[in-house]
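Me: I would like the terms used for this model justified one at a time. Please set each value against its cut-off.

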Amino acid sequence: MNGIQAVITQENAKITCNFKQVEKAIQDKLAEYEGIVFTEDSKASARKEVASLRAEKKSLQDNMRDAKTQYMKPWENFEAQANKLIGLYDEPIDLINGQIQAFEKKRIAEKKQLIQKIYKCVPEDLQVYISLERIYNPKWENATYKEKDIKADIAEFVHKTENDLNTITSMQSEAVEKALNIYKDSLSLTDAITYINNYEQQKQQILAREQEKQRQEEAEKIRREERKKMLAEQRAREAQEAALRQAEAEKEAVLRQAEAEKEEALRQAEAEKIAAVEQAREDAAQEVIESFIPDIEGEENLYEYRISLSNDAKEKLEMYMDSVGIEWEMIE
């Protein structure tokens, strides 16, 4: 079907321009600036020259643009009329396309219901991990994607998830529950296993630190017990030594006391001996003295003696004679 064809007549348009004349004028103008050198003092003049050249350039650009605008006016009028004609097709196209879209929308809705029905065969304990929204593939809605292919895709998700969960739970770690939550969030077996491995590694490190701490505490406890035992033994030795010293001191005290008592007894005995001797001497002396006491009741006679005495002995002798009643007289 060829369809409706518009008959368009074009006249070859021709645009002319005095390019060579303009080019020569520009070249002549620019030749004035070849080798030109400006200084700090002529800086203001240089700015003016630049402004003049830019103004001439813009004027030439505007000249060319105005020519293009005039040239394009016939096309712009033609294009507006052509677009209006072409737009007449939009109304029936939109009407038919709307019906097609409604058919497609209905088909997709029916396909989604089929997908929901297939998904309901997924075990409930797995649906928390692989919800339909999570595994949904938009290509399942395509008319060319068959029901068996959708079932195969979902079955593959189920099989993979079951295997992943069995792998995680078989690791028999305290971190399995947390790893399952991680897997639920990411559906990444690698992330879950990495978490468990890291947890077990940290657990071993913590356990090793705890064991080392316990070992150190046990060693410290043993050292404290040994120090306590040594201190008790030292105190026992000191107490024993103190008791021995006390016993020795008491023994020495007893010996000293016995020695003192012995010495005292000896002194007492010696004193008694001396006293006895003195008493004996006194008794013997008394007897001697008494034997020399004259009997004053008998006949008295006069006797003269010449005795050599010290003054003390002289006095004692005089006292004695007085005491026994002897009458005496000092002969000069």
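Me: With which residues is D153 in contact, leaving aside its neighbours within four places in sequence?
Reply: D153 is in contact with K139, W140 and Y145, where contact means heavy atoms within 4.5 Å. The model is predicted, so local features need pLDDT of at least 70 and side-chain atom pairs pLDDT 80 or more, while totals for chains, interfaces and linings use all residues. Residues are numbered from 1 along each chain as its sequence is written, and side-chain values use heavy atoms, without hydrogens or water.

Me: What makes D153 a residue with no salt bridge?
Reply: A salt bridge needs a side-chain nitrogen of Lys or Arg within 4 Å of a carboxyl oxygen of Asp or Glu. The nearest side chain of opposite charge to D153 is that of K139, 4.9 Å away. Lys and Arg count as positive and Asp and Glu as negative, with His and the chain ends not counted. D153, which lies in helix 6, is nevertheless buried; the term means under 20% relative accessible area, against over 50% for exposed and in between for partly exposed (1.4 Å probe, protein chains only).

Me: How do you know that K29 and E56 meet in a salt bridge?
Reply: Their N to O distance is 3.8 Å, which satisfies the cut-off, so the pair qualifies. It links distant parts of the chain, with K29 in helix 1 (residues 19-31) and E56 in helix 2 (residues 43-86), 27 residues apart. K29 has a relative accessible area of 26% and therefore counts as partly exposed, and E56 at 40% is also partly exposed.

Me: What separates K151 and E147 in helix 6?
Reply: They are 4 residues apart in helix 6 (residues 147-169), which means about one helical turn. Their side chains form a salt bridge at 3.4 Å, N to O. K151 is partly exposed at 42%, and E147 is partly exposed at 36%.

Me: Why is the link between E220 and R227 called a salt bridge?
Reply: The N to O distance is 3.1 Å, so it passes the distance rule. E220 has 27% relative accessibility and is partly exposed; R227, at 44%, is partly exposed too. Elsewhere, salt bridges that share partners join K58, D62 and R65 into one network. By this rule the count comes to 17 salt bridges.

Me: Which residues have the most contacts inside the largest nonpolar core?
Reply: They are V122, W140, I150, I154 and I168, in a core of 23 residues. Such a core is a set of buried Ala, Val, Leu, Ile, Met, Phe, Trp, Tyr and Cys residues joined through side-chain atoms within 4.5 Å. Helix 3 (90-119), helix 5 (132-135), helix 6, helix 7 (176-186) and helix 8 (189-292) each supply at least two residues of this core. Helix 6 supplies the largest share, 5 residues. Beyond four places in sequence, I150 is in contact with K111, I115, I118, W140 and Y145.

Me: What makes F19, I26, L30, L60 and M64 a nonpolar patch on the surface?
Reply: Patch residues need over 30% relative accessible area and no salt bridge; nonpolar side chains (Val, Leu, Ile, Met, Phe, Trp, Tyr) are joined within 5 Å, like charges within 9 Å. L30, which lies in helix 1, is partly exposed at 41%, so L30 clears the area limit. Together the five have about 430 Å² of accessible area, computed by the Shrake-Rupley method with a 1.4 Å probe, counting only the protein chains shown as cover for residues. Helix 1 and helix 2 each give two or more residues to the patch, and helix 1 gives the most, 3 residues.

Me: Why is the phi of Q172 worth a remark?
Reply: Most residues other than glycine have a negative phi. Q172 is not a glycine, yet its phi is positive, near 50°. Q172 lies in the loop between helix 6 and helix 7 and, at 74% relative accessible area, is exposed. L187 also has a positive phi, about 55°, without being a glycine; it is in the loop between helix 7 and helix 8.

Me: How many helices and strands are in the chain?
Reply: There are 9 helices and 0 strands, taken as DSSP runs numbered from the N terminus (H or I, at least four residues; E, at least two). Buried residues make up 11% of the 332 residues.
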